[in-house]
Amino acid sequence: SQDKEMFRFARSITKHPTISALLQRGYSTAEQISPGALHTLSARKLQASAFQGTGKRGMLLKSDIIEQLEKGVPTQSKTQPLSSSPSASKPITPKPASPKPAAPAQVAVSSQIEKPKQQLPPIMGAPEYHDEQLSTMREVIAERLSWSKKNMPHFYISQKCNLNSISKFRNLLRETGVKVSVNDFIIKAAALTLREMPHLNLSWDPNTNTYSKNSTIDISVAVATDSGLITPIVKNADAQGIASISETAKELALKARDNKLQPDEFMGGSFTISNLGMFGVSYFTAVINPPQCMLMSVGASSKKVVDKLSEPIDFFSEDPIDLEKKEEIEIHEEGIFTLNCDARAISPEDASQFLKKFKFYMEDVSRFALQFSQLIQ
């Protein structure tokens, strides 16, 4: 039967000197201790006599040890150091009040019992590989973002923006020899939105569980490097022109990839922009960079056919498309912008107003500045 097989297995493993040393007074035969209990006693270096068995015929089970450990076991239940030589072992003498004869001497083993490490067998036909240690930067990133995701209640809202105005303006600047990216306009639009909504320019203090308003508008821009992701800061972005922002962002990105950023160039910031559009990603949500309270995830833009009411045309509709009204059809270059917010400091209503104002700037570059010359300086 299964019980007999278990007893037979228990008898066989008691021949091992380590297990033999664990069979203390009160449990003189292997039939009184289950294999699982023997393994637990060996791993935790405990005496069997410190526990009361509840199994069949008083057998000590693994569950007995776990339950009694949770309730608390006296400190003397730990195994005492045993000499490493059999000739140095001493017989265990019974208590004076006990009528039972003295127990026979136990086989002594070293008290330093180490659990052998389990090694997985090699997989036949598997390609060779090697493990790589995480860089210090990646360890810090993992720690900070894990803390953020665990402690900062994230919520996300998204908004589509028509980028036709920005595309036309970039073409005009390119003709004059000035090259700027869409990301430069995003930095500027986010900075101007924060300037108009200063109550959202916040940082969270985990020590006091309070948020504070930032005195400047500093936009962090996520840059991928070989060591990990880092967020250099475009400081006072609301007061800079597009060309200045573009030059600063390029310089910071180059220093980040060369690992030459100073601490004040990437620590802090008011707001982070993470753009994966250049990799063809249309939509994603990032993790807020503490102590900031907001982050914008930017995906790739795509062209959409819309009418003048900005209603998408359904090419799969059964109703035919009136080609005579082609003057009412426009091609929009649309991008999806997702705002990631800390619900402790930012409400969904405030986040919606932020995206509304952000869209206001992104869809007409002439709104970026009161004077057009300030836009490109």
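Here are some short exercises, each with a worked solution, on a predicted model of a protein structure.

**Exercise 1. Find how helices α3 and α4 cross, and which residues make the contact.**

Step 1: Start with the two helices. Helix α3 covers residues 35–44 and helix α4 covers residues 62–71. Their axes come within 7 Å and cross at roughly 45 degrees.

Step 2: Now name the arrangement. Angles under 35 degrees count as roughly parallel, and 65 to 115 as roughly perpendicular. The crossing therefore makes α3 oblique to α4.

Step 3: Look at who touches whom. From α3 come Gly 36, Ala 37, Thr 40, Leu 41 and Arg 44, while α4 brings Lys 62, Ile 65, Ile 66 and Leu 69.

Step 4: Sort these residues by class. This contact has five nonpolar, two polar and two charged residues.

**Exercise 2. Describe how α7 packs with α8.**

Step 1: Locate the pair. Helix α7 spans residues 182–196, and helix α8 spans residues 242–257. The axes lie 9 Å apart, at an angle of about 115 degrees.

Step 2: Choose the word for that angle. It makes α7 roughly perpendicular to α8, and the crossing of the two is right-handed.

Step 3: List the residues that meet. Asp 184, Phe 185, Ile 187 and Lys 188 in α7 are in contact with Ile 242, Ile 245, Ser 246 and Ala 249 in α8. By class, the contact divides into five nonpolar residues, one polar and two charged.

**Exercise 3. Explore the nonpolar cores, and then follow the contacts of Ile 346.**

Step 1: Begin with the largest nonpolar core, which has 53 residues. The members that touch the most others are Phe 271, Met 296, Leu 339, Ile 346, Phe 354 and Phe 358.

Step 2: Ask which element gives this core its largest share. That is α7, with eight residues.

Step 3: Look for another core. A second, separate one has nine residues, among them Ala 37, Leu 41, Phe 51 and Leu 60. You have met Ala 37 and Leu 41 already, in the contact of α3 with α4.

Step 4: Pick out Ile 346 and set aside its neighbours within four places in sequence. Its contacts are then Phe 155, Leu 200, Leu 202, Cys 293, Met 294, Cys 341 and Ala 351.

**Exercise 4. Decide whether Asp 307 is buried, partly exposed or exposed, and find what it touches.**

Step 1: Place the residue. Asp 307 is in strand β10, which covers residues 302–307.

Step 2: Check its accessibility. Buried means under 20% and exposed means over 50%. Asp 307 has a relative accessible area of 23%, so it is partly exposed.

Step 3: Find its contacts. Not counting residues up to four places away in sequence, Asp 307 touches Glu 328 and Ile 329. Asp 307 and Glu 328 are 21 residues apart in sequence, yet their C-alpha atoms are 5.5 Å apart in space.

**Exercise 5. Spot the unusual backbone values.**

Step 1: Remember the background. Most residues other than glycine have a negative phi, and most peptide bonds are trans.

Step 2: Check the peptide bonds. A cis bond joins Pro 290 and Pro 291, with omega about 10 degrees. Pro 291 sits in the loop between β8 and β9.

Step 3: Check phi. Asn 236 has a positive phi, near 50 degrees, and lies in the loop between β7 and α8. Asn 259 has a positive phi too, near 60 degrees, and is in the loop between α8 and β8.

Step 4: Add accessibility. Asn 236, at 38%, counts as partly exposed, whereas Asn 259, at 63%, counts as exposed.

Notes. Residues numbered from 1 in each chain as written. Predicted model: local features only at pLDDT ≥ 70, side-chain atom pairs only at ≥ 80, totals over all residues. Heavy atoms only, no water. Axes fitted to C-alpha atoms, helices over the stretch in contact; angles between N-to-C directions. Helix = DSSP H or I, 4+ residues; strand = E, 2+ residues; numbered from the N terminus. Parallel < 35°, antiparallel > 145°, perpendicular 65-115°, else oblique. Contact = heavy atoms within 4.5 Å. Nonpolar A, V, L, I, M, F, W, Y, C, P; charged D, E, K, R; others polar. Left-handed = near helix turned anticlockwise from the far one by under 90°. Core = buried A, V, L, I, M, F, W, Y, C linked by side-chain atoms within 4.5 Å. Buried < 20%, exposed > 50% of the residue type's maximum accessible area, 1.4 Å probe, protein only.
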